[in-house]
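Let's take a walk through this structure together, one level at a time. Please have the sequence and the 3D view open as you read.

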There are 2 protein chains.
Amino acid sequence: MTDVSAIADFSRGTDGLLPAIAQDADSDRVLMMAWMNEEALRETLATGQAVYYSRSRKSLWRKGETSGHRQSVREIRVDCDRDTILLRVHQVGAACHEGFASCFFRSVDPDGLSLTVADERLVDPKDVYGP
Amino acid sequence: MTDVSAIADFSRGTDGLLPAIAQDADSDRVLMMAWMNEEALRETLATGQAVYYSRSRKSLWRKGETSGHRQSVREIRVDCDRDTILLRVHQVGAACHEGFASCFFRSVDPDGLSLTVADERLVDPKDVYGP
């Protein structure tokens with residue numbers, strides 16, 4: 001089992017989980033934020049595909065396993081405290097389960113109190129996950 | 001007091017804190033990841049300057065208050081679950097307290113087991129925070 005303690009300090013995370021940001025390596029768009037445990041990072045390193053930890057399902061989440069919308073990892077960076085991970089990825093399809101390229105498809109309005117969808121939907125979620 | 005419940009769902013965060021990613025609006029570089037509570041988001045909206053919540057100091061963290069390295073917020077986005085915030089900012093100076101433009105200045109080596117500083121240091125932290 002690969003020791004990943006030199007890369008990220010999982011002791012700093014709540015329940016051993018660290019935030020992991022996925023950024024498109026071509027467009028530099030921030031695609032999503034998810035969580036990793038040690039095992040997710042190890043499998044990401046071993047396979048070159050983004051693997052997260054799903055807090056709701058309490059299990060590894062191999063991104064794109066259902067949708068096909070995988071993330072091939074081009075580079076992994078960590079921050080100064082080694083408690084946040086940045087994945088620079090090639091995204092197949094749409095990162096967001098709602099069919100948008102990025103999960104950050106809504107922008108706060110100038111009034112500061114409401115949200116507007118600021119991006120175009122790429123795919124219909126029904127075509128990916130079923131009706 | 002501004003109600004920010006339409007923007008972000010703070011009930012989804014641990015201890016009422018949500019991850020907030022700062023991205024340079026000009027270069028699209030991911031600069032840092034920090035935490036926000038409702039009050040931090042309200043003050044960010046009111047002032048146009050990034051305000052986070054420091055988990056170690058247990059208080060609001062007005063980014064740049066000591067260093068002068070403030071972040072002027074150009075746009076705020078939220079993700080599909082409204083539990084992660086993305087700030088697109090104009091960064092004065094260096095985002096990282098270690099003097100790098102981005103906190104993500106280290107890259108995981110091809111061996112997957114060690115880190116290399118991949119960026120140039122912009123400023124000497126001693127010049128910013130004192131010796």
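The paragraphs below go from one chain, to a sheet, to the contact between chains.

Before we start, please keep in mind that this is a predicted model. A good place to begin is chain A on its own. Its secondary structure consists of two helices and eight strands, and if you follow the sequence from start to end, these elements appear in the pattern β-β-α-β-β-β-β-β-β-α. For its 131 residues the globule rule gives 14 Å, and the radius of gyration of chain A is 15 Å, close to that value, so the chain is as compact as a globular protein of that length. The C-alpha trace of chain A spans about 45 × 35 × 30 Å along its principal axes.

How is the inside of this chain organised? Of the 131 residues of chain A, 38% count as buried. If you take the contacts in chain A between residues at least 6 apart in sequence, 44% of them join residues at least 24 apart.

Now turn to the strands, and to a sheet that draws on both chains. Six strands form this open sheet, in the order 2(A)-1(A)-6(A)-5(A)-7(B)-8(B), with mixed pairing. At its edges you will find strand 2 (30–36) of chain A and strand 8 (115–117) of chain B, each of which pairs on one side only. From one strand to the next, the twist averages 30°.

Two of the pairings show how the mixed pattern arises in the view. Within chain A, strand 1 (residues 18–24) and strand 6 (residues 85–91) run parallel and are joined by five bridges; here Q23(A) has R88(A) in strand 6 as its bridge partner. Where the sheet passes from one chain to the other, strand 5 (residues 71–78) of chain A and strand 7 of chain B run antiparallel, joined by two bridges. To find this spot, look for V78(A), which stands opposite R106(B) in strand 7 of chain B.

That brings us to the contact between the chains as a whole. Chain A and chain B each bring 32 residues to the contact. On the side of chain B that touches chain A, strand 1 (18–24), strand 2 (30–36), strand 5 (71–78) and strand 7 (106–108) of chain B each supply at least two residues. Which of the elements gives the largest share of that side? Strand 5 of chain B does, with four residues. By residue type, the side of chain B that touches chain A divides into 18 nonpolar, eight polar and six charged residues.

Key
Residues numbered from 1 in each chain as written. Chains lettered and ligands numbered in written order. Predicted model: local features only at pLDDT ≥ 70, side-chain atom pairs only at ≥ 80, totals over all residues. Contact = placed C-beta atoms within 7 Å. Nonpolar A, V, L, I, M, F, W, Y, C, P; charged D, E, K, R; others polar. Pairing = 2+ DSSP bridges. Axes fitted to C-alpha atoms, helices over the stretch in contact; angles between N-to-C directions. Rg over C-alpha atoms; globule rule 2.2 N^0.38 Å. Buried ≥ 20, exposed ≤ 12 C-beta atoms within 10 Å, placed from the backbone.
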